[in-house]
Amino acid sequence: MDTNTIEGTTALKLKFTKLLSNNQGIIPVAVQNAITSEVILIAYTNEIAFKETIAKRKAIFWSTSKNKLWFKGEESGNTFTIKSIFVNCEQNSLVYKVIPDKGNICHVTENGVAKNCFYREINLETLELEFIS
């Protein structure tokens with residue numbers, strides 16, 4: 001794993017300005033494995049991505065970094081089938097319960113094994129990130 005990338009670092013670099021792009025009409029989506037209840041990732045959706053998700057029953061998001069639709073797994077084959085969708089009380093965030101179609105769930109791997117996107121824990125004493133086995 002490349003320790004110089006944001007994915008490989010142990011330095012805490014939270015991006016609090018991420019939702020400043022909300023003028024695009026996006027809301028956060030927590031993605032949860034419907035079988036294991038493991039939280040896989042947090043992504044964003046807009047009206048177009050949400051409608052595509054409903055129509056295809058596959059997880060489709062809005063990429064805030066690329067400013068376009070992101071069909072999860074379109075290139076890698078690591079797609080997610082939607083099993084159910086939940087909305088919060090204020091209707092400003094969603095939970096997608098999904099089945100990973102191919103088993104892999106994140107672009108980050110360690111020794112060739114796919115991880116979920118929450119593979120580091122914040123050490124509350126040092127504020128360093130610690131990799132979880």
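**Close-up 1. Phe61, a buried ring in a predicted model.** Phenylalanine 61 has a relative accessible area of 0%, so it counts as buried. This is a predicted model, so keep that in mind for every value below. Phe61 joins Trp70 and Tyr96 in one aromatic cluster, and the structure holds two aromatic pairs. Take the pair with tryptophan 70: the ring centres are 5.2 Å apart and the planes meet at 45°, so this pair is tilted. Tryptophan 70 is partly exposed, at 33% relative accessibility. The pairing of phenylalanine 61 with tyrosine 96 is stacked, at 5.9 Å centre to centre and 20° between the planes. That pair links distant parts of the chain, with phenylalanine 61 in strand β3 (residues 60-63) and tyrosine 96 in strand β6 (residues 94-100), 35 residues apart. Tyrosine 96 is buried, just like phenylalanine 61.

**Close-up 2. A lysine over a phenylalanine ring.** Here the charged end of lysine 72 sits over the ring of phenylalanine 80. The distance to the ring centre is 4.9 Å.

**Close-up 3. Two salt bridges along helix α1.** Searching the whole structure turns up three salt bridges, and this view takes in the ones formed by glutamate 47 with lysine 51 and by lysine 56 with glutamate 52. For glutamate 47 and lysine 51, the closest N and O atoms are 3.2 Å apart. These partners are four residues apart in helix α1, so about one helical turn separates them. Both glutamate 47 and lysine 51 are exposed. For lysine 56 and glutamate 52, the closest N and O atoms are 3.1 Å apart, and this pair, too, is four residues apart in α1, or about one helical turn. Lysine 56 is partly exposed at 44% relative accessible area, and glutamate 52 is partly exposed at 28%.

**Close-up 4. A salt bridge between two loops.** Lysine 58 forms a salt bridge with aspartate 101, and the closest N and O atoms are 2.8 Å apart. The pair links distant parts of the chain: lysine 58 is in the loop between α1 and β3, while aspartate 101 is in the loop between β6 and β7 (109-110), 43 residues apart. Both ends are partly exposed, with lysine 58 at 23% relative accessibility and aspartate 101 at 36%.

**Close-up 5. Arginine 57 and its positive phi.** Arginine 57 is in the loop between α1 (47-56) and β3. Its phi is near 60°, a positive value in a residue that isn't glycine. With a relative accessible area of 48%, arginine 57 is partly exposed.

**Close-up 6. A nonpolar patch on the surface, with Leu127 in it.** Leu12, Ile122, Leu124 and Leu127 make up this patch, and together they have about 370 Å² of accessible area. Leucine 12 comes from the segment before β1 (27-33) and is partly exposed at 31% relative accessible area. Leucine 127 sits in the loop between β9 (120-122) and β10 (129-131). Leucine 127 has a positive phi of about 60° despite not being a glycine, and it is partly exposed, with a relative accessible area of 46%.

**Close-up 7. Stepping back to the fold.** The protein has one helix and ten strands, in the order β-β-α-β-β-β-β-β-β-β-β along the sequence. Of its 133 residues, 31% are buried. Among contacts with a separation of 6 or more, 43% are between residues 24 or more positions apart. The accessible surface comes to about 8700 Å², and carbon and sulfur atoms account for 53% of it.

How values were computed
Residues are numbered from 1 along each chain as its sequence is written. This is a predicted model: local features need pLDDT of at least 70, side-chain atom pairs count only at pLDDT 80 or more; totals for chains, interfaces and linings use all residues. Side-chain values use heavy atoms; hydrogens and water are left out. Rings of Phe, Tyr and Trp (its six-membered ring) pair if their centres lie within 6.5 Å; planes under 30 degrees apart count as stacked, over 60 as edge-to-face and the rest as tilted. Buried means under 20% relative accessible area, exposed over 50%, partly exposed in between (1.4 Å probe, protein chains only). A charge sits over a ring if NZ of Lys or CZ of Arg is within 6 Å of the ring centre and within 35 degrees of the ring normal. Contact means heavy atoms within 4.5 Å. Accessible areas come from the Shrake-Rupley method with a 1.4 Å probe; for residues, only the protein chains shown count as cover. Patches are made of residues with over 30% relative accessible area and no salt bridge: like charges are joined within 9 Å, nonpolar side chains (Val, Leu, Ile, Met, Phe, Trp, Tyr) within 5 Å. A salt bridge is a side-chain nitrogen of Lys or Arg within 4 Å of a carboxyl oxygen of Asp or Glu.
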